[in-house]
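Trainee: I'm new to this one and would like a close look at a single part. Could you take me slowly through the small sheet and then show me what lies around it?

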Amino acid sequence: MKIIFIGPPGSGKGTQAKRLAGRFEIPHISTGDMLREAVAAGTPVGQQAASIMAAGQLVPDDLMIRMIDDRLSRPDATKGFILDGFPRTLVQAEKLETIVGNGNGSLRVLQLLVPDDAIVRRITLRRTCAQCGAIYHLENQPPANDSVCDRCGAEVIARPDDTEEAVRKRLESFHRQTMPVATFYKSKSILREVDGIGPVDEVFERIEQSLA
Ligand code: AP5
């Protein structure tokens with residue numbers, strides 16, 4: 001099973017991809033998480049990406065393609081994977097075809113549909129575990145104990161790119177640069193659109209149905 005999640009920032013890609021990865025026992029590969037790890041570790045990639053991410057812009061294609069090419073060559077990705085956050089441009093989508101191929105019928109693309117007005121509220125109230133990456137929402141899915149992660153006990157924080165200004169830039173970039181990727185997969189008849197509004201469990205059920 002090779003699954004690509006497409007959706008605007010805050011549409012629930014990470015929330016749903018983590019659950020689906022557990023269900024199918026395949027790796028959840030999030031380019032956003034990989035970049036945040038690189039930033040935290042202070043690697044050259046992280047140093048290049050930090051200010052771009054904080055400004056709500058896209059990291060250059062060549063860097064992202066190298067990163068995903070390396071990650072997909074690891075043994076755990078041979079039985080399948082869930083890509084969250086890649087591809088985000090047509091250049092990335094075309095390169096992904098050469099990396100994994102698309103002729104064996106196992107590639108499925110899920111597009112989560114959430115209107116822009118719901119996004120800003122989701123993102124500005126999101127909190128993420130600095131240690132294990134667990135995702136919370138102060139209203140819909142708060143941690144049981146204030147700012148402490150339910151799973152690992154580390155601190156739960158707001159991401160630096162979750163300001164309203166950066167979210168609006170990320171939304172603009174999604175419509176301009178990533179929607180053509182959805183159109184690209186639609187033309188290949190492998191895109192499934194999933195309504196991303198409603199409780200997390202209900203959205204997950206819709207995702208499972210769309211994959212059946
Ligand atoms: P990335 O980390 O991929 O960010 P994103 O795409 O903007 O998506 P988010 O992580 O913000 O949201 P999500 O859809 O995962 O939603 P979540 O599940 O957290 O990328 C960050 C940056 O890295 C980019 O801006 C770019 O700079 C760079 N980058 C990454 N990949 C790149 C690439 N390929 N090329 C170039 N640059 C790249 O949910 C959001 C909130 O909503 C949470 O609080 C959650 O609890 C809540 N929620 C989830 N589901 C529901 C629901 N059904 N109802 C109500 N609330 C919900």
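Mentor: Sure, let's start with the small sheet, keeping in mind that this is a predicted model. Three strands make up an open sheet here, in the order β6-β5-β7, and their pairing is antiparallel. The edge places go to β6 and β7 (156-157); each has a single partner strand, so one side of each is left without a neighbour in the sheet. As background, strands of a sheet pair through backbone hydrogen bonds, either parallel or antiparallel.

Now follow the pairs one by one. Strand β5 covers residues 126-129 and pairs with β7 in the antiparallel sense over 2 bridges. If you want a spot to click on, Cys129 has Val156 in β7 as its bridge partner. There's a helix here too: α6 packs on the sheet and touches β5 and β6, with its direction at about 45 degrees to that of β5.

On the other flank, β5 and β6 run antiparallel and are joined by 3 bridges. Look for Thr128, which stands opposite Ile135 in β6. These two strands form a hairpin with 5 residues between them, and in that hairpin Gly133 takes a positive phi near 85 degrees. Further along, in the loop between β6 and β7, you'll find Asp146. This residue has a positive phi too, about 45 degrees, although Asp146 is not a glycine.

What else is around? Two of the pieces you've just met come back at the ligand. The elements that give two or more residues to the shell around a ligand need the contacts first, so let's look at those. A backbone N or O atom of Gly10 lies 2.8 Å from an oxygen atom of the ligand. In the side chain of Thr15, an N or O atom is 2.6 Å from a ligand oxygen atom. For Gln92, an N or O atom of the side chain is 3.0 Å from a nitrogen atom of the ligand. Taken on its own, the ligand has 1,000 Å² of accessible area, and the protein covers 96% of that. The elements giving two or more residues to the shell are α1 (13-24), α2 (31-41), α6 (116-124), β6 (135-137) and α8 (200-211), so look again at α6 and β6 there. The largest share, 4 residues, comes from α2.The shell as a whole has 36 residues, and Thr15, Gln57, Arg88, Arg126 and Arg170 come nearest to the ligand. By type, the shell divides into 13 nonpolar, 15 polar and 8 charged residues.

For contrast, glance at the other sheet. This open sheet has 5 strands in the order β2-β3-β1-β4-β8, with parallel pairing. At its edges stand β2 (28-30) and β8 (191-195), each with a single partner strand, so one side of each is left without a neighbour in the sheet. From one strand to the next, the twist averages 25 degrees.

Technical notes: Residues are numbered from 1 along each chain as its sequence is written. This is a predicted model: local features need pLDDT of at least 70, side-chain atom pairs count only at pLDDT 80 or more; totals for chains, interfaces and linings use all residues. Side-chain values use heavy atoms; hydrogens and water are left out. A residue is near a molecule or strand if one of its heavy atoms lies within 4 Å of it. A polar contact is a pair of N or O atoms within 3.5 Å; within protein, one must be able to donate a hydrogen and the other to accept it, and residues adjacent in sequence count only if both atoms are side-chain atoms. Accessible areas come from the Shrake-Rupley method with a 1.4 Å probe; for residues, only the protein chains shown count as cover. Ala, Val, Leu, Ile, Met, Phe, Trp, Tyr, Cys and Pro count as nonpolar, Asp, Glu, Lys and Arg as charged, and the others, Gly among them, as polar. Two strands pair if DSSP finds at least two bridges between them. Contact means heavy atoms within 4.5 Å. Axes are lines fitted to C-alpha atoms, for helices over the stretch in contact, and angles run from 0 to 180 degrees between N-to-C directions.
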